[in-house]
Amino acid sequence: MARVANNEISNGYSDVLVVKHGDLTASSTTQTVTLAIPAGGIVRAVGFYLEEAFDGGSTSSLKIDVGDGSDADGFVDDQEIHVDATEVIYHNGVGAYLDGGTGTEQQGKLYTSADTIDVLFTATGANLSELDAGKVRIYVDMKRLNPEVA
């Protein structure tokens, strides 16, 4: 995951992951891309911008979930990013980690040990490897309580 450049920090996010169709190479209908979270990281917001809707082969739908090993959609739940469906261009995550829905998190999740944010892509109609178009930017606003850890 790349940190956002200083001149881009004004958008409110600290980190960004760009996923293009060529990054989704699984010969199956699902693939997970991960973002490293250091111990002491607080994820305060997750959102995405669908720069180019995904398409290719016989795929008819592509959904994205963003969460972690405890809650697969704790940040973003089941959002459509395929041209053949009603794709979502902009999304501000409203999962349980961000709205306090789990009872313990209030507007974010504190990671007391290193972990990953898991971005799950799920295709319908064909394998992910058939995609030949598409690009999504996933933004993460993470505060680092331990500045010694990257």
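Start by selecting strand E3 (30–37) and look at which way its side chains point. Gln31, Val33, Leu35 and Ile37 point to one face and are buried, while Thr30, Thr32, Thr34 and Ala36 point to the other face and are not buried. In a regular strand, the side chains alternate between the two faces of the sheet. A quick word on terms: strands (E, at least two residues) and helices (H or I, at least four) are DSSP runs numbered from the N terminus. Buried means under 20% relative accessible area, exposed means over 50%, and partly exposed is in between, using a 1.4 Å probe and protein chains only.

Before you click further, know that this is a predicted model, where local features need pLDDT of at least 70, side-chain atom pairs count only at pLDDT 80 or more, and totals for chains, interfaces and linings use all residues. Residues are numbered from 1 along each chain as its sequence is written, and side-chain values use heavy atoms, with hydrogens and water left out.

**Next door to E3**

Now add strand E9 (115–124) to your selection. E3 and E9 pair in the antiparallel sense over eight bridges; two strands pair if DSSP finds at least two bridges between them. Zoom in on Val33 and you'll find its bridge partner in E9, Val119.

**The nonpolar core**

Which residues touch the most other members of the largest nonpolar core? Select Phe75, Phe121 and Ile138: out of 32 residues in that core, they are the ones. A nonpolar core here is a set of buried Ala, Val, Leu, Ile, Met, Phe, Trp, Tyr and Cys residues joined through side-chain atoms within 4.5 Å. Colour the elements that each supply at least two residues, among them strand E2 (15–20), strand E5 (61–67), helix H1 (96–99) and strand E10 (133–144). Strand E4 gives the most, with six residues.

**A pair of rings**

A search of the whole structure finds three aromatic pairs. Rings of Phe, Tyr and Trp (its six-membered ring) pair if their centres lie within 6.5 Å; planes under 30 degrees apart count as stacked, over 60 as edge-to-face and the rest as tilted. Select Tyr13 and Tyr139: their ring centres are 5.5 Å apart and their planes sit at 40°, so this pair is tilted. Tyr13 is in the loop between strand E1 (2–3) and E2, while Tyr139 is in strand E10, 126 residues apart. Both of these tyrosines, Tyr13 and Tyr139, are buried.

**Salt bridges**

Side chains of opposite charge can pair when their charged atoms come close. The whole structure has six salt bridges, each one a side-chain nitrogen of Lys or Arg within 4 Å of a carboxyl oxygen of Asp or Glu.

- Pick Asp15 and Arg144, whose closest N and O atoms are 2.9 Å apart. Asp15 is in strand E2 and Arg144 in strand E10, 129 residues apart. Asp15 counts as buried at 1% relative accessibility, whereas Arg144 is partly exposed at 21%.
- Move to Glu51 and Lys135, with closest N and O atoms 3.3 Å apart. Glu51 lies in strand E4 and Lys135 in strand E10, so the pair ties together parts that are 84 residues apart in sequence. Glu51 is partly exposed at 35%, and Lys135 is buried at 17%.
- Then try Asp78 and Lys63, which meet at 3.6 Å, N to O. Asp78 is in strand E6 (residues 76–80) and Lys63 in strand E5, 15 residues apart. Both are partly exposed: Asp78 at 39% and Lys63 at 28%.

Add Arg137 to the view as well: salt bridges that share partners join Glu51, Lys135 and Arg137 into one network.

**Two last stops**

Where is Thr59? Look in the loop between E4 and E5. Thr59 is buried, at 3% relative accessibility. Its side chain reaches the backbone oxygen of Gly56 at 2.5 Å, and the Thr59 side chain also makes a polar contact with the side chain of His82 at 2.8 Å. A polar contact is a pair of N or O atoms within 3.5 Å; within protein, one must be able to donate a hydrogen and the other to accept it, and residues adjacent in sequence count only if both atoms are side-chain atoms.

Finish on His91 in strand E7 (residues 90–92), which is buried at 16%. Leaving out residues up to four places away in sequence, His91 touches Val46, Gly47, Phe48, Val76 and Gln79, where contact means heavy atoms within 4.5 Å.
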